[in-house]
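Got your viewer open? Load the model, set it to cartoon, and keep the selection box handy.

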Amino acid sequence: RASRQVAHTLQMSFFHLAVLLAAVLAGATASVVGFGIGSLLTPLLAARFGASIAVAAVTLPHALATAVRCWRLRGSIDRRVLTRFGLLSAAGALGGALLYTRLGPSTLTGILGGLLILTSLAQLSGWSRRWQPRGALVSVFGLVSGFFGGVAGNQGGLRAAALTTFRLSPPGFVATATATGLLVDLARTPIYLWSTGPDLVPLAWPIGLASLGVLIGTLLGERLLLGLSPRRFGHIVGVAIGLLGVWLISVAA
């Protein structure tokens, strides 16, 4: 019995260390490309606690890191894009969050993965730089990206994919994506907490470690972001979106 207890303690210690390291990487990634916290942390927590609880748990460190990053990059936010795109994304997230416990996320995850791969190809080929959304398409992109964020807790890649067409500078891109993400968090987090609040209490320790990790990663990633040229930044975002798309399809399969 004592040996089983020791083994369990070691297992939990390794898991908590993995959460901290993954959170640092996630925070740094989000500072560079504007997304990544939910994409990296959700599967790690889902493997132990289940997908529904993981989606809600990751929202808390995600909201914290997003708020800090938004404040630090506030001077680079494109308010025109935020008004046209971000508010609609928040509305989509609200609707998605209301449905997230009722819909099967695997189908939506697979569709999202396919969309991200197509977007990655458009970004890396240069096609997205020659096209800019107008009119109703802006509304559609905002609503759809927010909806996926509400349903599956994973909308950063689709949001980034949509924002690549607005030809923002690297700091402007990340700042505007972050501000949009903060609006999404404000819309969905209360619903997640209301639906799963008591189930999150036993996860206080991993949630706290994840919050600490993403804050450390956020500060580390900012240094890299400021040194990137727009062209190189676009390639990095394109590759990141494509890898996320492949991963989401593999998860949904």
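Here is a walk through the chain, one selection at a time.

Before you click, note that this is a predicted model, where local features need pLDDT of at least 70, side-chain atom pairs count only at pLDDT 80 or more, and totals for chains, interfaces and linings use all residues. Residues are numbered from 1 along each chain as its sequence is written, and side-chain values use heavy atoms, with hydrogens and water left out.

**The whole chain.** Start zoomed out: you should see ten helices and zero strands. Helices (H or I, at least four residues) and strands (E, at least two) are DSSP runs, numbered from the N terminus. Of the 253 residues, 50% are buried, where buried means under 20% relative accessible area, exposed over 50%, and partly exposed in between (1.4 Å probe, protein chains only). Switch on the surface and you are looking at about 11,600 Å², with carbon and sulfur atoms supplying 69% of it; accessible areas come from the Shrake-Rupley method with a 1.4 Å probe, and for residues only the protein chains shown count as cover.

**Select F14, L17 and L21.** These form a nonpolar patch on the surface, with about 340 Å² of accessible area together. Patches are made of residues with over 30% relative accessible area and no salt bridge; like charges are joined within 9 Å, and nonpolar side chains (Val, Leu, Ile, Met, Phe, Trp, Tyr) within 5 Å. L17 sits in helix α1 (residues 2-33) and is partly exposed, at 44% relative accessible area.

**Select T66.** Now go to helix α3 (residues 51-72), where you'll find T66. Is T66 buried or exposed? T66 is buried, at 1% relative accessibility. Leaving aside neighbours within four places in sequence, T66 is in contact (heavy atoms within 4.5 Å) with T178, G181, L182 and D185. Try a distance between the C-alpha atoms of T66 and T178: they are 112 residues apart along the chain, yet separated by 6.0 Å.

**Select D185 and R188.** Stay with D185 and add R188: their side chains meet in a salt bridge (3.0 Å, N to O). The term means a side-chain nitrogen of Lys or Arg within 4 Å of a carboxyl oxygen of Asp or Glu. A search of the whole structure finds one salt bridge. R188 and D185 are three residues apart in helix α8 (residues 170-200), so about one helical turn separates them. Both R188 and D185 are buried.

**Select α8.** Which residue marks the bend in α8? Look at W194, where α8 bends by about 55°, with a proline, P198, following within four residues. The bend at a residue is the angle between axes fitted to the seven residues ending there and the seven starting there. α8 has 31 residues, but its end C-alpha atoms are only 35 Å apart, short of the 45 Å for a straight helix at 1.5 Å a residue.

**Select α4.** Last stop: residues 79-99 make up helix α4, which has a kink of about 30° centred on F85. Its buried residues include F85, G86 and S89.

Definitions and conventions
Expected span 1.5 Å × (residues − 1).
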